[in-house]
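The following exercises concern helix packing and residue environments. Each task is followed by a worked solution.

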Amino acid sequence: MPSPLSAAAAPPARLARRRAALALALLLGLQPVATDVFLPALPALTRALGAPLAQAQLTMSVLILSFGIAQLAWGPVADRIGRRPVLLLGLALYTLAALGAVLAPGIETLVACRAVQGVALAAAVVCARALVRDLYEPHEGAQVMSLGLSGLAVIALLGPALGAVAVTWFGWRAALALVALAGAVTLAWVAWRLPETAPRLNPRATAPGPLLRQWIAIARHPVFVAWTLLISATYGGLFVILAGSSFVFIDRLGLSPLVYGAAMGSGSLAYLAGTFACRRWVARHGVVAAVGRGGWFTLAGGASMAALALAGVHSAWALLVPQWLYCFGHGLHQPCGQAAAVGPFPHAAGAAAALAGCVLAMTAFAIGLWLGRALQDGVIAYALGVGLWSVITCTVAWTLVRRLR
């Protein structure tokens, strides 16, 4: 007989792993679509709208801020009413906000639309992470997550190149139109192919008292703390790359938008290789050992980038090769961390995924604010930012995470 705190939902469909991975790729892929496709347009829209660099950076950082805060609301709602209705509402809002950004007459309107888009993006990402825990135990979930993130890597690979082509041929608004198209396609696929996955619904999931106690319990859990710090740290370095690379490569180093798009796509290939290595190493050595190995690639990438920049080697290759190493390590850390952070909470996967995502997003938001000022120093600030987060990432992987054995 069900407890008064839960209500039976329709039995979750046991999705084939490939369909579950496709769902993850599409839903989680909306985040790099909202950033990577947008990146080649940043310098052009800054000039077209007459916006200062710090204000242009807000189009990235406000998306991340609203994305982080909104997860705290969407997670409990998804535990209460189910993943599917939250996804349909969030994806519709994402598409509408993206269309608003296309039509924005000024930087203020564009920033507002990006904030709404971040709120909607949170629904997709929270439900994507939660459905992995709905359907799989943590060890298998890490492998399914890595398969889904391989698909995300393909999206991230194509994103900068497509954005660069759109900007070069049709102007910066065309890149934003591609973001709206991606939202509409994902909405259609979810409505057609993705069933409800929540094993049970909790009618009290949004009650303030139980929710606060649940968040406190989740936040104090050592497994959650270790893995959430890992995914936040590794994404911190990646966000330096995402938010700062277009200004460094295009404005400082003189690359064209098309060449820049290809350069960023090469980083996505390294990330894709990391997700393939993740599946092999998790199967052979376990999640903790796979993450420990990834730390060496992360550290090698960040430390070499910082060392070359401080030595005065300011070229595209001196940034790109270390970025490949960092992105390879990110392809190991992120799938393992996202699956493992919610592992101890099978009946509160939405709340756990939301809290982990909020911490990650707040980290990225703080980095975005710093970048708006630090990028005046160009290559050195960019390289030191990636270097710092590489040290933090491998430290967490080799201490807090390793103790989880």
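Contact here means heavy atoms within 4.5 Å. The model is predicted, so local features need pLDDT of at least 70 and side-chain atom pairs count only at pLDDT 80 or more, whereas totals for chains, interfaces and linings use all residues. Residues are numbered from 1 along each chain as its sequence is written, and side-chain values use heavy atoms, with hydrogens and water left out.

**Exercise 1.** Determine where threonine 228 is placed and which residues threonine 228 touches.

*Solution.* Threonine 228 is in helix α9 (residues 222-252); helices are DSSP runs of H or I with at least four residues, numbered from the N terminus. Its relative accessible area is 3%. Threonine 228 is therefore buried, a term for values under 20% with a 1.4 Å probe and protein chains only. Leaving aside residues up to four places away in sequence, threonine 228 touches Ala341, Ala356 and Val359.

**Exercise 2.** Characterise the environment of arginine 133: is arginine 133 buried or exposed?

*Solution.* Arginine 133 belongs to helix α5 (residues 107-135). With a relative accessible area of 9%, arginine 133 is buried. Its contacts, not counting residues up to four places away in sequence, are Pro138, Val342, Gly343, Phe345, Pro346 and Ala349. Arginine 133 and alanine 339 are 206 residues apart in sequence, and their C-alpha atoms are 7.3 Å apart in space.

**Exercise 3.** Describe the packing of α11 against α14.

*Solution.* Helix α11 (residues 287-310) packs on helix α14 (residues 379-398) at an angle of about 155 degrees, the axes being 8 Å apart. Axes are lines fitted to C-alpha atoms over the stretch in contact, and angles run from 0 to 180 degrees between N-to-C directions. The angle makes α11 roughly antiparallel to α14, the term for angles over 145 degrees. The contact of α11 with α14 comprises 18 nonpolar, 7 polar and no charged residues. In this classification, Ala, Val, Leu, Ile, Met, Phe, Trp, Tyr, Cys and Pro are nonpolar, Asp, Glu, Lys and Arg are charged, and the others, Gly among them, are polar.

**Exercise 4.** Give the geometry and composition of the contact between α3 and α5.

*Solution.* Helix α3 (residues 53-81) and α5 pack at about 35 degrees, with their axes 6 Å apart. Their contact holds 19 nonpolar, 7 polar and 3 charged residues.

Technical notes: Helices (H or I, at least four residues) and strands (E, at least two) are DSSP runs, numbered from the N terminus. Angles under 35 degrees count as roughly parallel, over 145 as roughly antiparallel, 65 to 115 as roughly perpendicular and the rest as oblique. Buried means under 20% relative accessible area, exposed over 50%, partly exposed in between (1.4 Å probe, protein chains only).
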